[in-house]
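User: I'm new to reading protein structures and would like a close look at one part of this one. Could you walk me through it in plain words?

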Amino acid sequence: MKRPEISLLKFDRKALFYLPRLFTAFKKGDGNILKEIIKIFNEHKISVVNSMKFTPELIFQEKSINKVKINNSDKSSITKGVNIIKSLSKFDIGQSVVVNNGYVLAIEGPEGTDETIKRSSHLSKKYKLKNKSILIKFPKSNQDLRVDLPTIGLDTIKNCIKANIKGIAVKRFQNIILDKDKIINLTKKNNFFIISL
């Protein structure tokens, strides 16, 4: 999703009333603005329910897609990526991290996962890294999972394959996977793995 350009939006009186609150939250990160909107809804007795209540089939529940064996270096890279995401949660950044043989190549900022993957590819080529990287995509510690779940789609997999990434690690029951059948076919053709922890 592209972040909206605030200056191009039109607001009614109610929205203008809440704009200072929303703007303050916006400066702190995407997660904070969603939480502020939920607070405003609650003030008006509007209940927010988990989006997955209506689409449970989108939740990634499997232990793995395409049972590619991962080695100890891969496991270490995944652990490192998960720890980075946890430690950066308080800053509301870093839902994705790309790690190559223990070296952190990219941490997701406001540009999103696809651009993070492309940035990691550039660095991998620049430093002539022989090993393939791993993308770790986990929810932040303080993320409101009712409205904000990390998502993997077909483009994510295609971009990873182009960027010399050999697999993705996600958190089971806390990631959305789109176009699952197409993703399974693509991972099998490219010896690409998706595992959940």
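Which residues does isoleucine 168 touch, not counting residues up to four places away in sequence?

Analyst: Happy to! One thing to keep in mind is that this is a predicted model. Leaving out residues up to four places away in sequence, isoleucine 168 touches Leu135, Ile152, Thr156, Ile157, Cys160, Phe192, Phe193, Ile194 and Ile195.

Now let's zoom out a little. Ile168 belongs to the largest nonpolar core, which has 20 residues. Within that core, Ile168 is one of the residues with the most contacts, along with Ile157, Ile165 and Ile194. Two of those, Ile157 and Ile194, also turn up among the residues that isoleucine 168 touches. As for who supplies the core, strand E3 (103-107), helix H5 (154-162), strand E6 (165-170) and helix H6 (180-189) each give at least two residues. Apart from this core lies another one, of 13 residues, including Leu88, Phe138, Ala169 and Ile195. As a rule of thumb, in soluble globular proteins nonpolar side chains tend to be buried together.

Helix H6 has a second story to tell, and this one is about charge. Lysine 180, in helix H6, pairs with glutamate 62, in the loop between H2 and strand E1 (64-65). Their side chains meet in a salt bridge, at 2.2 Å from N to O. The partners are 118 residues apart, so this pair links distant parts of the chain. Both ends are partly exposed: glutamate 62 has 26% relative accessibility, and lysine 180 has a relative accessible area of 25%.

That is one of eight salt bridges in the structure. Another joins the side chains of glutamate 43 and arginine 21, at 2.9 Å from N to O. Glutamate 43 sits in helix H2 and arginine 21 in helix H1, so this pair ties together parts that are 22 residues apart in sequence. Arg21 and Glu43 are also linked with Glu36 and Lys39 in a network of salt bridges.

Those two helices pack against each other as well. H1 (residues 13-28) and H2 (residues 30-43) meet at an angle of about 150°, with their axes 7 Å apart, which means H1 is roughly antiparallel to H2. Where they touch, H1 brings residues including Tyr18, Leu22 and Phe26, while H2 brings Ile33, Ile37 and Ile40, among others. Counted by class, this contact has seven nonpolar, one polar and five charged residues.

Technical notes
Residues numbered from 1 in each chain as written. Predicted model: local features only at pLDDT ≥ 70, side-chain atom pairs only at ≥ 80, totals over all residues. Heavy atoms only, no water. Axes fitted to C-alpha atoms, helices over the stretch in contact; angles between N-to-C directions. Helix = DSSP H or I, 4+ residues; strand = E, 2+ residues; numbered from the N terminus. Parallel < 35°, antiparallel > 145°, perpendicular 65-115°, else oblique. Contact = heavy atoms within 4.5 Å. Nonpolar A, V, L, I, M, F, W, Y, C, P; charged D, E, K, R; others polar. Core = buried A, V, L, I, M, F, W, Y, C linked by side-chain atoms within 4.5 Å. Buried < 20%, exposed > 50% of the residue type's maximum accessible area, 1.4 Å probe, protein only. Salt bridge = Lys/Arg side-chain N within 4 Å of Asp/Glu carboxyl O.
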